[in-house]
Amino acid sequence: MRGWWREIAGLVLPVACGGCGRPRTVLCAECAGALTGSGPCRVRPAPEPAGLPAVHAVAPYADAVRELLLAHKERGALALAGPLGGALAAAVTAAAGPVTGSVPSPLLLVPVPSSRRSVRARGHDPTRRIALAAAARLRRAGRAARVVPVLRQRRYVADQAGLGARGRLANLSGALEVVPGGARLLGTGRVVLVDDLMTTGASLAEAARALGAVHRSFIPGLPQVLTERSQESSAQHGFEQRQAAVIASSPASFEINRNSPGTWIVAGGER
């Protein structure tokens, strides 16, 4: 109900840019440019948690981009879901790589789940809303895509605010699982984990672990493009998630990649 009131309020109340506060526009041209950034690229947190997939982001989490994400997530600026979804769609495209084959597999966007507690408090699920907007943008661009929310929290998770990298990893360890019946959905296309933001990478690493706990034999038709290393690990875990996309990441994660040879090259396909 709270989400509906926010939708209605957005139609009748004066609007301001979620990034800078400029009046009479949901998103000004300047902040839209900041959200687009210089295009999606590979990002890595430091330290990089074990099991983190290859992550692509479009912009550093700072200034206008930070305000836009907070406005959508915490202040109910739901009209920002469209442009934020467009930014996420660009990161998903980079993460998934070029289309291959005459009938390419559809992209399956798996959002990192929010807790029921935070969804109730906010009145909406921001990550899922942005993922839906991203999938719609990808379809308009001619690429089959849909959102498959197959992950859920299986135990209580404390608020991540104020926790460092080690604290976040401990807080999230073993916290997620695939919902009953979710394994079959994973076999219908190419999975890309999505979230609005990456800071330490703990959430994405835990989401990848949860997907990895689904045995390959339970996923009919799952694409099996494997390296020797992943073939060895698949005997134990079956499904290994290797691609993730976010809108924003910490500025340091961009600097690390700028100073590392070859990390600006977009990886195509599963590795």
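**Exercise 1. Which residues is A245 in contact with, leaving aside its neighbours within four places in sequence?**

Before solving, a quick note on the model. It is predicted, so local features need pLDDT of at least 70 and side-chain atom pairs count only at pLDDT 80 or more, while totals for chains, interfaces and linings use all residues. Residues are numbered from 1 along each chain as its sequence is written, and side-chain values use heavy atoms, with hydrogens and water left out.

*Solution.*
- Step 1: fix the term. Contact means heavy atoms within 4.5 Å.
- Step 2: list the partners. A245 touches H56, L88, A91, V92, A95, V192, L193, V194 and D195.
- Step 3: place A245 in a wider group. A245 is among the residues with the most contacts inside the largest nonpolar core, along with L88, V92, L109, V194 and I247. That core has 37 residues. A nonpolar core here is a set of buried Ala, Val, Leu, Ile, Met, Phe, Trp, Tyr and Cys residues joined through side-chain atoms within 4.5 Å.
- Step 4: see who supplies it. At least two residues come from each of α2, α3, α4 (81-96), β4 (107-111), α6 (126-140), β5 (145-147), β8 and β9. The largest share, 8 residues, belongs to α4.
- Step 5: look beyond it. Another core, of 28 residues, lies apart from this one, and its members include C41, L52, V55 and A57.

**Exercise 2. Find the strands that pair with β9, and say how enclosed β9 is.**

*Solution.*
- Step 1: settle the terms. Helices (H or I, at least four residues) and strands (E, at least two) are DSSP runs, numbered from the N terminus. Two strands pair if DSSP finds at least two bridges between them.
- Step 2: take β2 (residues 54-57). It runs parallel to β9, with 3 bridges joining them, and V55 has A244 as its bridge partner.
- Step 3: take β3 (residues 59-60). It pairs with β9 in the parallel sense over 2 bridges, and P60 stands opposite S249.
- Step 4: take β8 (residues 190-198). It pairs with β9 in the parallel sense too, over 5 bridges, with D195 opposite V246.
- Step 5: check burial. Buried means under 20% relative accessible area, exposed over 50%, and partly exposed in between (1.4 Å probe, protein chains only). Strand β9 (residues 243-249) has 7 of its 7 residues buried, so it is largely enclosed by the rest of the structure.

**Exercise 3. Describe how α2 and α3 pack.**

*Solution.*
- Step 1: get the geometry. The axes of α2 (residues 29-36) and α3 (residues 63-73) come within 8 Å and cross at roughly 95 degrees. That makes the two helices roughly perpendicular, a label used for 65 to 115 degrees (under 35 is roughly parallel, over 145 roughly antiparallel, the rest oblique). Axes are lines fitted to C-alpha atoms, for helices over the stretch in contact, and angles run from 0 to 180 degrees between N-to-C directions.
- Step 2: name the residues. C31, A34 and L35 of α2 meet A64, V65 and L68 of α3.

**Exercise 4. Track down the unusual backbone spots.**

*Solution.*
- Step 1: recall the background. Most residues other than glycine have a negative phi, and most peptide bonds are trans.
- Step 2: find the cis bond. It joins A46 and P47, with omega about 0 degrees, and P47 sits in the loop between β1 (41-43) and β2.
- Step 3: find positive phi values. R24, in the loop between α1 (2-12) and α2, has a phi of about 65 degrees. D63, in helix α3, has a phi of about 50 degrees.
- Step 4: check exposure. R24 is exposed at 75% relative accessible area, and D63 is exposed at 66%.
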